[in-house]
Amino acid sequence: MAKLLVKLQRYFRRKPVRFFTLLALYLAAGSLVFLHSGFAGEPTVTGSQRSPGAGEGPGLPYLGVMQLSRGFKAAAMMPEGGRRHGPWFKSTSKEPAERAKAGDYGSTRSQALRGRSGREKEEDRARYIGCYVDNTRRRTLRGVSFFDYKKMTVFRCQDNCAERGYLYAGLEFGAECYCGHKVQASNASESECNMECKGERSNICGGVNRLSIYRLELAQESARRYGSAIFRGCFRRPDNVSVALPVSQLMLNMSVDKCVDFCTEKEYPLSALAGIACRCGFPTTLFTLHEREDEQLCAQKCAGEEFESCGTAEYLLVYQTQVQDNRCMDRRFLPTRAKQLVALASFPGAGNTWARHLIELATGFYTGSYYFDGSLYNKGFKGERDHWRSGRTICIKTHESGQKEIESFDSAILLIRNPYKALMAEFNRKYGGHIGFAAHAHWKGKEWPEFVANYAPWWATHTLDWLRYGKRVLVVHFEDLKRDLFVQLQRMVGLLGIAACEDRLLCVEGQKDGNFKRSGLRKLEYDPYTPEMRKMISGYIKTVDTALKLRNLSGVPDDYYPR
């Protein structure tokens, strides 16, 4: 044996290449054995094979499904007992969810069939009813809509629509989700719904002006009731009520939910209770909802619900239904290159993104940005990707405050917000994202004092620089925009050179919040501003107030106090 080993040693010394070749083959064989053992633990497919179901994109804590389409990691990550579904699904099966490896399909037709095979298996929860034509001027599904150009999935769209009590969920262009109570369009060929979901390549999410529509099988019929309707107030009956609120029905057993359900079924965003009459319509110049009356004038008990008020023949109790007013939802790029660059300037945290949302709805044109924020683009701000000098957008978001940058614009809308609120909003954005919140440790740690020391002076210099170097600057206070949106938005649209359509602006009032807005500042258990911080900020407020008044503009709003 020893002689054999010596001979092999001498042989490989003379032929080192053969030695390394044999060594490489040995290592390759070992790797193959290891990989085979790793895949051996993958779950087997029982029953009929199907495509992976609608999965949930990352970063959405309220959705309960996550699937992997291939790979041995699925065995470790799949929860015991199979898939978990939201509470609105009817759960009839106790077996674990089945899973099959997704195949590669070359043709568009094969992709559509692959997505449909997965849908048909979900009929006990959400039933796929087909591919339908959509129109940007008159939507097939006229309820709430939202976009996500990065993480959209079938399940996410279904879940959002079901949570709001809608009967149908439709996906379009791979990233757009529409909800509604009626499907008001004709069928299209299945091959025309050919775009994969942005957050889930294994499923189809409609196509160009084509909707993949699902009927949601709700666990409780009461989910369709008026729980999410918004109370708008008590209003005097308009002069020409049959034109202002064109659809009506007598209800001897009247209640709020009966009237709201009726108007929702008729696809109107306003539901007006007038005693035993239920009226439906849109906010228009005939019925603006701007002049509210004392609610006691509407305090007549409902015939069908003694603890509710149903208004009178002269004073209407108005609710906003879940139906989306689509008169202001169409948006596009400017048809010709803009001759002037208009800035939408603000200090960070002053509500620039919200103002962009309002301007896009009011004008029908996309807004641009001096920067590029992928999260905003993914949420529907399509002008975010354009270069700020492209001339294709109606105005340009900017937080810049230097003379050179300011003089690059021909005019500007300067949005100013209470510095106490703006600093907290920007601190939340910096440490929690656009719609998140900073952690308690950040407020208590060194981050907050350093942030205030650096950003509070910038709040003042930003306004002073735009007043000094800007051309044709329209000052809009965030607080005034919230308080009197119609009038302030008219001023902003006027500077942009767009003829303001009053009905469109009234539509914006009903859609003013959008779907990319922080839901109010999280209440802290303490005041984050120390006396020293307040003294410093008070000085900056006085400086800005004086600068505004020197230019014959109104000073800062009263709620900036105490100074």
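Select cysteine 177 to begin: with a relative accessibility of 0%, this residue counts as buried, and in this predicted model a disulfide joins cysteine 177 to cysteine 157, with an S to S distance of 2.0 Å. Add cysteine 157 to the selection, and you will find that this partner is buried too, with a relative accessible area of 0%. The pair links distant parts of the chain, since cysteine 157 sits in helix α5 (residues 154–163) and cysteine 177 in strand β4 (residues 176–180), 20 residues apart. Looking along the S-S bond of cysteine 157 and cysteine 177, the torsion is about 80°, so the disulfide is right-handed.

A search of the whole structure finds nine disulfides, and another of them can be shown by selecting cysteine 263 and cysteine 280, whose sulfur atoms are 2.0 Å apart. Here the torsion about the S-S bond is -80°, and the link of cysteine 263 and cysteine 280 is left-handed. Cysteine 263 lies in helix α7 (residues 256–265) and cysteine 280 in strand β11 (residues 277–281), so the pair ties together parts that are 17 residues apart in sequence.

Next, select cysteine 328 and cysteine 507, which form a disulfide with sulfur atoms 2.1 Å apart. This pair links distant parts of the chain, with cysteine 328 in the loop between β12 (315–320) and β13, cysteine 507 in helix α16 (residues 502–510), and their positions 179 residues apart. From cysteine 507, move to cysteine 501, whose sulfur is 9.5 Å from that of cysteine 507, the closest cysteine sulfur, and therefore too far for a bond. Cysteine 501 is partly exposed, with a relative accessible area of 42%.

Now turn to the largest nonpolar core, which has 38 residues, and select those with the most contacts inside it: Leu423, Trp448, Trp459, Trp466, Tyr529 and Ile537. Among the elements that give two or more residues to this core are α11 (419–432), α13 (447–469) and α17 (531–550), and α13 gives the most, with 10 residues. Centre the view on leucine 423, and, leaving aside residues up to four places away in sequence, you will see that leucine 423 touches Phe347, Trp448, Phe451, Tyr455, Ala456, Tyr529 and Ile537. Apart from this core lies another, of 31 residues, including Trp354, Ala355, Cys395 and Phe478.

Finally, select helix α8 (residues 352–363) and helix α15 (residues 485–495), whose axes come within 11 Å and cross at roughly 75°; α8 and α15 are therefore roughly perpendicular to each other. The contact is made by Trp354, Ala355, Leu358, Ile359, Ala362 and Thr363 of α8 and by Leu485, Leu489, Met492 and Val493 of α15.

Conventions. Residues numbered from 1 in each chain as written. Predicted model: local features only at pLDDT ≥ 70, side-chain atom pairs only at ≥ 80, totals over all residues. Heavy atoms only, no water. Core = buried A, V, L, I, M, F, W, Y, C linked by side-chain atoms within 4.5 Å. Buried < 20%, exposed > 50% of the residue type's maximum accessible area, 1.4 Å probe, protein only. Helix = DSSP H or I, 4+ residues; strand = E, 2+ residues; numbered from the N terminus. Contact = heavy atoms within 4.5 Å. Axes fitted to C-alpha atoms, helices over the stretch in contact; angles between N-to-C directions. Parallel < 35°, antiparallel > 145°, perpendicular 65-115°, else oblique. Disulfide = S-S within 2.5 Å.
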